[in-house]
Amino acid sequence: MTPTQVLEFAKKNKSKLFDIKFMDLPGLWQHFSFPMSELTEDIFRDGLGFDGSSIRGWKAINASDMLVIPDPATAIMDPFTKYPTLSLVANIFDPITKEAYNRDPRAIAQKAEAYLKSTGIGDTAYFGPEAEFFIFDDIRYHSDESGAFYQVDSSEAQWNTGAEENPNLGYKPRYKEGYFPCPPTDSLMDLRSEMVIVMQECGIEIEAQHHEVATAGQGEIDMRYSPLLTMADNLMLFKYIIKNVARRNNKTATFMPKPIWNDNGSGMHVHQSIWKDGKPLFAGDKYGGLSELGLHYIGGVLKHAKSLAALVAPTTNSYKRLVPGFEAPVNLAYSSSNRSAAIRIPMYSPSPKAKRVELRFPDPSCNAYLAFSAMLMAGLDGIQNKIDPGQPLDKNIYGLTPEELAEIPSMPASLEEALEALEEDHDFLMKGDVFTQDVIDTWIDYKRENEIGELRKRPHPYEFTMYYDI
């Protein structure tokens, strides 16, 4: 839409307010709202001023004035507000230089798309994330000097087979057996369908929805692939819809990678490909039906995988998921169809348009704008430097001997290791000024101070089990 069309759209839908959403550095939408009388076409050019000092990962209070400029192409009616509200996603600008703010994740995604075009390699990078999530009936957690705990619950959880539910009707997915059971075992089909319908009403194309492997309400809804920036916008809207549909049904949804011990966590396998002039560039006659360019893309991702982890699996909880035995790929290899590899080449369709690579170690706790941009930059580095990905691995990695496993590089075992890798390996991200040194340093410092450092200081409840009687 153009600004004029946005105003007409709002009038047609009798909007009473407009809401502006933008992204903090760690990866959460922020917002503020105005009466419709304040929205003019000039705002799409000149923006609105606000204080950015309280936004996580942004400027200090002595340099806090920012401009927010909404993107008219993102206009929708918010599906959850009591009063009709126009929703707009925005970019952040420096009010003095009028340049895009370098710590605005959406601006980084725009620069990544521009850099792809500047290389001449391609003009469009398509992304298709499969973001998994849990829907719980209850979540409680607490942490202070007196103690700490968390408690999750779901009426369909296997641990509730003996609960007094007046009556307990059974039909609870067994651990690691939640993949594709029909109702009544899949108790959340209608709720996921409601999420799908709201997504479609908001313009997101959906391919499928289903229960996922874990017990206790794990699900997945698959979006049709889109260009990088569009998909990052869509993923934020996707998460917004899932959380709010769950809430209005008196349930809660989370994208934490590993909220349940001893069952599968929530990953976000990311399908990706590069096109030029409407033609797919990853299709060819090499391994898995890939082109040489596609294999070089894999080579770049594998080379930079450990530093990528700091952006695509960016929480301490991510590394509770990235352990052997739960379908999470911890070993850095590629394969066709093999789901134990870090990178898979899907073989569903012989069509060149369907040829893509699937990166399997990201998770939905990531900032989509940063994660997609970083994956693209790693792949482009592989193409530019013709990086050989090595031999594919078509065996089940979890069935290999210790001697065979020793030959395969592995993912970082912790967020701290991933940040150390990013500190050592980030030049590929800075090509075309897509990521700046300031953004990388801020990301590393924020994660170390606010997440790793805070967790390190606190006793863990399980430590009492292990050590109280020492």
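Colleague: Is Arg192 buried or exposed?
Modeller: This is a predicted model, in which local features need pLDDT of at least 70 and side-chain atom pairs count only at pLDDT 80 or more, while totals for chains, interfaces and linings use all residues. Residues are numbered from 1 along each chain as its sequence is written, and side-chain values use heavy atoms, leaving out hydrogens and water. Buried means under 20% relative accessible area, exposed over 50% and partly exposed in between (1.4 Å probe, protein chains only). Arg192 has 3% relative accessibility, so Arg192 counts as buried.

Colleague: Which residue forms a salt bridge with Arg192?
Modeller: A salt bridge here needs a side-chain nitrogen of Lys or Arg within 4 Å of a carboxyl oxygen of Asp or Glu. For Arg192, the closest N and O atoms of the pair are 2.6 Å apart. The partner counts as buried because its relative accessibility is 6%. That partner is Asp186.

Colleague: How many salt bridges does a search of the whole structure find?
Modeller: Side chains of opposite charge can pair when their charged atoms come close. Searching the whole structure for such bridges gives 24.

Colleague: Okay, pick one that links distant parts of the chain. How many residues apart are Lys21 and Asp78?
Modeller: The side chains of Lys21 and Asp78 meet in a salt bridge, 3.3 Å from N to O. Lys21 is in strand β1 (residues 17–23) and Asp78 in the loop between β5 (76–77) and β6 (85–93); helices (H or I, at least four residues) and strands (E, at least two) are DSSP runs, numbered from the N terminus. Along the chain, their separation in residues is 57.

Colleague: And why do Lys21 and Asp78 count as buried?
Modeller: It comes down to accessibility. Lys21 counts as buried because its relative accessibility is 3%. Asp78 is buried because its relative accessible area is 9%.

Colleague: What about Arg56, which residue does it pair with?
Modeller: The closest N and O atoms of that salt bridge are 2.8 Å apart. Arg56 sits in the loop between β3 (48–51) and β4 (65–70), and its partner, 32 residues away, in the loop between β1 and β2 (29–35). Arg56 is at 32% relative accessibility and therefore counts as partly exposed, whereas the partner is at 0% and counts as buried. The partner is Asp24.

Colleague: On to helices: how do α6 and α9 cross, left-handed or right-handed?
Modeller: Two packed helices are described by the angle between their axes and the distance between the axes. Here the axes of α6 (residues 292–303) and α9 (residues 368–384) come within 6 Å and cross at roughly 120°. That angle makes α6 oblique to α9. As for its hand, the crossing is right-handed.

Colleague: Which residue after α9 has a positive phi of about 50°?
Modeller: This residue lies in the loop between α9 and α10 (402–405), and at 60% relative accessibility it counts as exposed. Its C-alpha atom is separated by 8.3 Å from that of Tyr297, 89 residues apart along the chain. The residue is not a glycine; it is Lys386.

Colleague: Where does Lys176, the residue with phi near 65°, lie?
Modeller: Most residues other than glycine have a negative phi, and most peptide bonds are trans. Lys176 has a positive phi and, at 40% relative accessibility, counts as partly exposed. Its place is in the loop between β9 and α4.

Colleague: Which prolines in that loop follow a cis peptide bond?
Modeller: The bond from Asn166 has omega near 5° and leads to Pro167, found in the loop between β9 (147–153) and α4 (189–201). Pro184 lies in the loop between β9 and α4 too, and the cis bond from Pro183 has omega near 10°. So to speak, the names to look up are Pro167 and Pro184.

Colleague: Last one, is Trp261 buried or exposed?
Modeller: Trp261 is found in the loop between β13 (252–254) and β14 (268–276). With Ile139, Tyr141 and Tyr150, Trp261 forms a nonpolar patch on the surface, with about 570 Å² of accessible area together. Patches take residues with over 30% relative accessible area and no salt bridge, joining like charges within 9 Å and nonpolar side chains (Val, Leu, Ile, Met, Phe, Trp, Tyr) within 5 Å, and areas come from the Shrake-Rupley method with a 1.4 Å probe, only the protein chains shown counting as cover for residues. At 69% relative accessibility, Trp261 counts as exposed.

Definitions and conventions:
Axes fitted to C-alpha atoms, helices over the stretch in contact; angles between N-to-C directions. Parallel < 35°, antiparallel > 145°, perpendicular 65-115°, else oblique. Left-handed = near helix turned anticlockwise from the far one by under 90°.
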